[in-house]
Amino acid sequence: MVRPVATLDLLAGLAILVGLAGIAVPILPGLPIVWAAIVVWAVVGDDGARWIVLAFATVVVVAATVAQFLVPGRRMLDAGVPGRSITIGALAGIIGFFVVPVVGLFLFFVAGVYLAERVRLGAGPGAWESTVHALKGVGLSILIELAGGLLASAAWLAAVIA
């Protein structure tokens, strides 16, 4: 027999969907929203299985958060984009986050890498190639975050269905 969906389950599910949408279209801090929804669902709920889901989701979210910064950075370094250009891009991204909330992080990161590489390499195609690697890095970062969000969400959904 299928148990009825509790209000808490429904609210958590809606928050998780908002978080996943925030990952796919970086307007909201998606992964923290997914994790926070699972935290509230586990804390307010009344069975021990919720704590297991929360522990799993926490490990997944932390791993995805770390990986979304390390993996693309490593790939850019391997592609020949120097650490200085990545650092300039990261600083520009932080500034961009406040100038154009959330989306500015990605836009200013790519612009920062391009400008740093343009100064380093001049007007040739090398600056643009480095920028393409930066764009690929941003895309990979979003995919890693989305994978973490989907994995944590799947664990939550499995617990709700069970």
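## A buried tryptophan

Trp41 has a relative accessible area of 2% and is buried. The structure described in this report is a predicted model, and Trp41 offers a convenient point of entry to it. Trp41 belongs to helix H2, which covers residues 30-44.

## The aromatic pairs

How many aromatic pairs does a search of the whole structure find? The search returns two. In one of them, Trp41 and Trp156 meet edge-to-face, with 6.3 Å from centre to centre and 75° between the planes. Because Trp41 lies in helix H2 and Trp156 in helix H6 (residues 125-161), this pair ties together parts that are 115 residues apart in sequence. Trp156, like its partner, is buried: its relative accessibility is 9%, and that of Trp41 is 2%.

Phe97 and Phe98 also form an edge-to-face pair, with 5.3 Å centre to centre and 90° between the planes. Phe97 is partly exposed, at 33% relative accessibility. Phe98 counts as exposed, with a value of 65%. The threshold for exposed is over 50% and that for buried is under 20%, so a value between the two is classed as partly exposed.

## Secondary structure and contacts

The protein chain contains six helices and zero strands. Read from the N terminus, its elements follow the order α-α-α-α-α-α. Helices H2 and H6, which carry Trp41 and Trp156 respectively, are joined through the tryptophan pair.

Contacts across the sequence can also be considered for the chain as a whole. Of the contacts between residues at least 6 apart in sequence, 60% join residues at least 24 apart.

## Overall dimensions

What radius of gyration does the protein chain have? The value is 19 Å, whereas a compact globule of 162 residues would have one near 15 Å. The C-alpha trace spans about 65 × 30 × 20 Å along its principal axes.

## Burial, surface and charge

Of the 162 residues in the protein chain, 38% are buried. Trp41 and Trp156 are among the buried residues. The chain exposes about 9,000 Å², and 79% of this area is supplied by carbon and sulfur atoms.

With regard to charge, the protein chain has 8 positive and 7 negative side chains. The centres of the positive set and the negative set lie 11 Å apart.

Note on methods
Residues numbered from 1 in each chain as written. Predicted model: local features only at pLDDT ≥ 70, side-chain atom pairs only at ≥ 80, totals over all residues. Heavy atoms only, no water. Phe/Tyr/Trp six-rings, centres within 6.5 Å; stacked < 30°, edge-to-face > 60°. Helix = DSSP H or I, 4+ residues; strand = E, 2+ residues; numbered from the N terminus. Buried < 20%, exposed > 50% of the residue type's maximum accessible area, 1.4 Å probe, protein only. Rg over C-alpha atoms; globule rule 2.2 N^0.38 Å. Contact = heavy atoms within 4.5 Å. Areas by Shrake-Rupley, 256 points an atom, 1.4 Å probe, with all protein chains shown as cover. Lys, Arg positive; Asp, Glu negative; His and termini not counted. Charge placed at Lys NZ, Arg CZ, Asp CG, Glu CD.
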